[in-house]
Amino acid sequence: SVSSASFSTWHPSGLFSYKDADFEISGHADYFETDGQEHLIEKDAWFGKPGGLSPGYTHSAEERRDCGLKVKYGDFTFSSRLIDKEKAAYIGNTGILNKRTRFDLTYFWGNLTYAKRFTDALDITAKLYGNYFTFDGLYEMRPKGFTGTDDNGMLGNPMSKYSWLGGELT
């Protein structure tokens, strides 16, 4: 399906699946993009100071990708998912209107499972799995020119990243 709306918003998505005797596959894909709605901010915490943008308009663009896959063949199953987001934020953590605050997030996981029942009293399950996560944010705490000179503003850039692999045998 595909949908569209104001603010250059569009949202295509799809699902699929197939199954026969010993093979199954299913998945989804979803994409969302918008320029976001603009709101007039008449006064912010930096109103009337050097480099301030108020009165001014917000910017709240966003882009999201989300897709997943599951494949089963015999006693093996593989499943995974990817989520990737980029989002603008027009009011930073110090209450000032800005055009540079943004958040980027990526998350991926994958699992491979082998499950076999030998008898009513004996079965085995083996799993391998992995995860990857990253967050990269940019916070504008003071606007460009906030000192009254040609400075670059005051920015914060928190980041987080981790990945891990694991396994189980039961």
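**Exercise 1. Count the aromatic pairs in this predicted model, then classify Trp10 and Tyr31.**

Step 1. Seven aromatic pairs are counted in the model.

Step 2. Take the rings of Trp10 and Tyr31: their centres are 5.4 Å apart. Pairing requires centres within 6.5 Å.

Step 3. The planes meet at 55°. Stacked needs under 30 degrees, edge-to-face over 60. The Trp10–Tyr31 pair is therefore tilted.

Step 4. Place the partners. Trp10 sits in strand β2 (residues 9-19) and Tyr31 in strand β3 (residues 23-34). They are 21 residues apart, so the pair links distant parts of the chain.

Step 5. Phe103, Phe135 and Tyr139 form one aromatic cluster.

**Exercise 2. Assign Trp10, Tyr31 and Leu128 to buried, partly exposed or exposed.**

Step 1. Buried is under 20% relative accessible area, exposed over 50%.

Step 2. Tyr31 has 17%, so Tyr31 is buried.

Step 3. Trp10 has 38%, so Trp10 is partly exposed.

Step 4. Leu128 has 54%, so Leu128 is exposed. Leu128 lies in strand β9 (residues 122-142). It also belongs to a nonpolar surface patch with Phe16, Leu69, Phe76, Phe78 and Leu112. Together the patch has about 530 Å² of accessible area.

**Exercise 3. Compare the overall dimensions of the protein with a compact globule.**

Step 1. For 170 residues, a compact globule would have a radius of gyration near 15 Å.

Step 2. The protein has 23 Å.

Step 3. Check the axes: the C-alpha trace spans about 75 × 35 × 20 Å.

Step 4. Add the secondary structure: zero helices and eleven strands.

Step 5. Finish with burial: buried residues make up 25% of the 170.

Definitions and conventions. Residues are numbered from 1 along each chain as its sequence is written. This is a predicted model: local features need pLDDT of at least 70, side-chain atom pairs count only at pLDDT 80 or more; totals for chains, interfaces and linings use all residues. Side-chain values use heavy atoms; hydrogens and water are left out. Rings of Phe, Tyr and Trp (its six-membered ring) pair if their centres lie within 6.5 Å; planes under 30 degrees apart count as stacked, over 60 as edge-to-face and the rest as tilted. Helices (H or I, at least four residues) and strands (E, at least two) are DSSP runs, numbered from the N terminus. Buried means under 20% relative accessible area, exposed over 50%, partly exposed in between (1.4 Å probe, protein chains only). Patches are made of residues with over 30% relative accessible area and no salt bridge: like charges are joined within 9 Å, nonpolar side chains (Val, Leu, Ile, Met, Phe, Trp, Tyr) within 5 Å. Accessible areas come from the Shrake-Rupley method with a 1.4 Å probe; for residues, only the protein chains shown count as cover. A salt bridge is a side-chain nitrogen of Lys or Arg within 4 Å of a carboxyl oxygen of Asp or Glu. The radius of gyration is taken over C-alpha atoms; the globule rule is 2.2 Å times the number of residues to the power 0.38.
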